[in-house]
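User: I would like to understand how the labels given to residues are justified. Could we go through some of them, with the reasoning spelled out each time?

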Amino acid sequence: MEENAAAQFERGTDGPKVIVVGVDGSDSSWRAAAYAAGLARRQASKLVLVYVQPVLPAGATMGAPVVDTTQEVADELIAEFRQATERLQGIYEVRWEFHTLRGDPYNGLVQMADELKADAVVVGASESAGHRIMGSVAVRLVKAGRWPVTVVP
């Protein structure tokens, strides 16, 4: 076997090593996080929670309040997940990390999944009526065809 071939990344051979889950504070994203946490625990995978802070077009807001609000959401999400893992400490162990970025959710999740060489991506079903026109993040991730994608209702 060539040395280069052995060093190449291979997805899904022994189960997922890295599971990326998109969270935004919605009920469906919490269900997705819970589902992904269960997968990570059973597969001894690393769970990576990703919150993508939305960027609104210029003129849609006065600026700072939206940035402050999205940072508050990120802080609340990580605090809630920490509490959940502390409650289960000693019963279930899950290795996890939290990332937050700014931009649109699809591109943020793709960026993190690529950077971390994710074996799977988990997202909640869209709760937004606007996604019927633009296409939901979940549908766009599935169409990208780069990882197994689980959509949790």
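Analyst: In this predicted model, A44 is found in the loop between helix 2 (27-43) and strand 2.

User: What makes A44 count as exposed?

Analyst: The relative accessibility of A44 is 56%, and the word exposed is used for values over 50%, so A44 counts as exposed.

User: What is unusual about the phi of A44, and why would one remark on it?

Analyst: Phi of A44 is near 55 degrees, which is a positive value in a residue other than glycine. It is worth a remark because most residues other than glycine have a negative phi. K117, in the loop between helix 4 and strand 4 (120-124), also has a positive phi, of about 50 degrees, although K117 is not a glycine.

User: Why is K117 called partly exposed?

Analyst: K117 has a relative accessibility of 41%, and partly exposed covers the values between under 20% for buried and over 50% for exposed, so K117 counts as partly exposed.

User: How do you know that Q53 is buried or exposed?

Analyst: Q53, which lies in strand 2, has a relative accessibility of 4%; since buried means under 20%, Q53 counts as buried.

User: What makes the pair of Q53 and T100 a polar contact?

Analyst: The side chains of Q53 and T100 make their contact at 3.2 Å, and a polar contact needs a pair of N or O atoms within 3.5 Å, so the distance fits the definition.

User: Why is the pair of K46 and E97 called a salt bridge?

Analyst: The closest N and O atoms of K46 and E97 are 3.3 Å apart, and a salt bridge asks for a side-chain nitrogen of Lys or Arg within 4 Å of a carboxyl oxygen of Asp or Glu, so the pair qualifies. Because K46 lies in strand 2 (residues 46-53) and E97 in strand 3 (residues 95-102), the pair ties together parts that are 51 residues apart in sequence. K46 counts as partly exposed at 26% relative accessibility, and E97 counts as partly exposed at 24%.

User: How many salt bridges does a search of the whole structure find, and which residue does D114 pair with?

Analyst: The search finds three salt bridges. In one of them D114 pairs with R146, the closest N and O atoms being 2.1 Å apart, which is within the 4 Å that the definition allows. This pair links distant parts of the chain, with D114 in helix 4 and R146 in the loop between helix 6 and strand 5 (149-152), 32 residues apart. D114 is partly exposed, with a relative accessible area of 33%, and R146 counts as partly exposed at 37%.

User: What makes E72, D75, E76 and E80 a negative surface patch?

Analyst: Asp and Glu count as negative, and like charges are joined into a patch within 9 Å when their residues have over 30% relative accessible area and no salt bridge. D75, found in helix 3 (residues 64-87), shows how the area condition is met, because its relative accessibility is 43% and the patch rule asks for over 30%. Together E72, D75, E76 and E80 form the negative surface patch.

Definitions and conventions
Residues are numbered from 1 along each chain as its sequence is written. This is a predicted model: local features need pLDDT of at least 70, side-chain atom pairs count only at pLDDT 80 or more; totals for chains, interfaces and linings use all residues. Side-chain values use heavy atoms; hydrogens and water are left out. Helices (H or I, at least four residues) and strands (E, at least two) are DSSP runs, numbered from the N terminus. Buried means under 20% relative accessible area, exposed over 50%, partly exposed in between (1.4 Å probe, protein chains only). Patches are made of residues with over 30% relative accessible area and no salt bridge: like charges are joined within 9 Å, nonpolar side chains (Val, Leu, Ile, Met, Phe, Trp, Tyr) within 5 Å. Accessible areas come from the Shrake-Rupley method with a 1.4 Å probe; for residues, only the protein chains shown count as cover. The place of a charge is taken as NZ of Lys, CZ of Arg, CG of Asp or CD of Glu. A polar contact is a pair of N or O atoms within 3.5 Å; within protein, one must be able to donate a hydrogen and the other to accept it, and residues adjacent in sequence count only if both atoms are side-chain atoms.
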